[in-house]
Protein chains: 2
Amino acid sequence: MSQGLPAVVSDDGLTTRERRNRPILAVHTGEMKGKSTAAFGMALRGWAIGLPVAVFQFVKSDKWKVGEEDAFRALGRTFETTGEGAPVEWHKMGAGWSWSRKKGTEDDHAAAALEGWREIQRRLAAEQHGFYVLDEFTYPMTWGWVDVDEVVTTLRERPGFQHVVITGRDADPRLLELADLAMQTHKLKHPMDAGQLGQKGIEW
Amino acid sequence: MSQGLPAVVSDDGLTTRERRNRPILAVHTGEMKGKSTAAFGMALRGWAIGLPVAVFQFVKSDKWKVGEEDAFRALGRTFETTGEGAPVEWHKMGAGWSWSRKKGTEDDHAAAALEGWREIQRRLAAEQHGFYVLDEFTYPMTWGWVDVDEVVTTLRERPGFQHVVITGRDADPRLLELADLAMQTHKLKHPMDAGQLGQKGIEW
C-alpha cells in the first residue's frame, strides 16, 4: 500500500503542492450499490480532514434510508460537540428537500430533481461546503430532468476548493470526460444471484 | 433505487427471514484503493444497525493512516457517550497490533501478519464482533504468510452472526469461491494518470 507515484509527469505548470490540492470531481458508475458506498467512504475521508460534507440523495422515496445517513449524522454531531471533523448535511429528494420541505408527488420528480440541482448550483457558487456527494444524480440527467451540459459547465467553473462525487449508473460521457476520477464497480458474485434477499446493514 | 428482488428463487430450505439474516463474507478485490473505501462504507452500515465493528489493517507502516480511522474512532466514541450505533475497534499491523504492542521490524512482517490472523481466529471463535474488516488481507495470503485453506475453513465454520469483509488485490480463487459477495472496482480514469499526486482526504 503506497501513496502512489504518478505514471507520467504532468505538464500543467502547477507546483506539486498546487496539484496535490486540486478539487476533485469523481464519478462512481456501473452496477450495484457499491458505487454509493464508495462515495460515502470518500466523504468519510473528507470529514476527517475537516471538509464540510453535504450529501444530496436523488432518491424517489422518503422511506429509503441507508445506514450511512445515521453514521454521518452522528459524525455531524461529533463536530458540533467536540469540533472534531466537520459539519455534515444530509438531504433527500423523496422526503421533500429539507430547505423547501415541499413533499413530492409521483408526478413531479422531474421538478424536484431540478430544484435539488438548482440548490446545489447556489451552494457551489457560494462555496458552502467542501465535499459534495450527489448520490444517484446520473438518473435525473439520463431522464432529461437536469441538463448534462449545464451540470458540466457548472462543475467545470465551480470556484474555490470543492470536491464533488457523483454516483449512479450510466454516467454521461461528457461527465466522465470532465471527471478527474471515474470508477466502475463490477460484481463478480452477489448473494442475490443465489436467491438471497437484500439485508439491512449490508444492502442498505 | 430498489431493495432488489432475487434473480432466482433459492432452494436452500431457509425461510426468507433466515436468508435475510445470514452472515456475509464479502471480498473487495481489483485495482485501486476504492476497495477499502467500499469496505469501510459497508462497515458504516454495520455500525448504524448496531453491529460491533473491528477493523484489522494488514499494512506495513505505522505511519499509514486513512481518514476513515478518525471517523470510525469518532463513531466509537459516539457509541460510548450516547449508546447510538456500536463499539468500534481499529487495529493496525504496522504499529504493532494493539493487543500485543510489539513493534514490528522489517523482517517479521510474516510473523506479524500471522499473529494478526491468529487473533482474528480467536475473536471469530468467541463471536467478539459483528462486522470485521480485514483490510489488505489478501497480501499476506498471496505471499504465503497466512494459509489460504486455513482462512477459508475458519471463515466457513465461523459461528453465530459475524459479517466479514476482506480487501486487497488478487484475491485467491478459493476465497472468492467461499464469498457471498465479491466486488471488483475498475478505474476508468484516475488523476494519477495525468501526473497528479495523491492528496489527503481523497487518496488516504
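A residue counts as exposed if 12 or fewer other C-beta atoms lie within 10 Å of its own, and as buried if 20 or more do. Keep that rule at hand as we walk through this predicted model.

Let's start with A:Asp170. This residue has 10 other C-beta atoms within 10 Å, so it is exposed. You can find A:Asp170 in the loop between strand 5 (163-167) and helix 7 (173-178) of chain A. Its backbone has a curious feature: phi is near 55°, a positive value in a residue that is not glycine. That deserves a second look, because most residues other than glycine have a negative phi.

Now move to chain B, where B:Glu127 also has a positive phi, of about 50°, without being a glycine. B:Glu127 sits in the loop between helix 4 (109-125) and strand 4 (131-135) of chain B. With 13 other C-beta atoms within 10 Å, B:Glu127 is partly exposed.

Let's step back from that loop into helix 4 of chain B. At 1.5 Å a residue, its 17 residues should span 24 Å, and the end C-alpha atoms are indeed 24 Å apart. Which residues of this helix are buried? They are B:Ala112, B:Ala113, B:Gly116, B:Trp117 and B:Ile120. Seen down the axis of helix 4 of chain B, the buried residues fall within an arc of 135°, so they line one face of the helix. A general rule helps here: an α-helix has 3.6 residues a turn, so residues three or four places apart point the same way. The cover over the buried residues of helix 4 of chain B includes strand 2 (53-57), strand 4 and helix 5 (138-142) of chain B. On the face turned away from the buried side, you will find the exposed residues B:Arg118 and B:Arg122.

Back in chain A, look at strand 2 (residues 53-57), where five of five residues are buried. A:Val53, A:Val55 and A:Gln57 point one way from this strand, while A:Ala54 and A:Phe56 point the other way. Strand 2 of chain A pairs with strand 3 (residues 88-92) of chain A in the parallel sense over five bridges, and there A:Gln57 stands opposite A:Lys92. Five bridges also join strand 2 of chain A to strand 4 (residues 131-135) of chain A, again running parallel, with A:Ala54 opposite A:Tyr132.

Finally, follow A:Val53 into the largest nonpolar core, which has 96 residues. A:Val53 is among the members that touch the most others, as are A:Ala43, A:Trp47, B:Ala43, B:Trp47 and B:Val53. Leaving aside neighbours within four places in sequence, the contacts of A:Val53 include A:Ala43, A:Trp47, A:Phe72 and A:Phe131.

How values were computed. Residues are numbered from 1 along each chain as its sequence is written. Chains are lettered from A and ligands numbered from 1 in the order in which they are written. This is a predicted model: local features need pLDDT of at least 70, side-chain atom pairs count only at pLDDT 80 or more; totals for chains, interfaces and linings use all residues. Helices (H or I, at least four residues) and strands (E, at least two) are DSSP runs, numbered from the N terminus. A nonpolar core is a set of buried Ala, Val, Leu, Ile, Met, Phe, Trp, Tyr and Cys residues joined through C-beta atoms within 7 Å. Two residues are in contact if their C-beta atoms, placed from the backbone, lie within 7 Å. The expected span of a helix is 1.5 Å times one less than its number of residues. The arc is that of the directions from the helix axis to the C-beta atoms. Two strands pair if DSSP finds at least two bridges between them.
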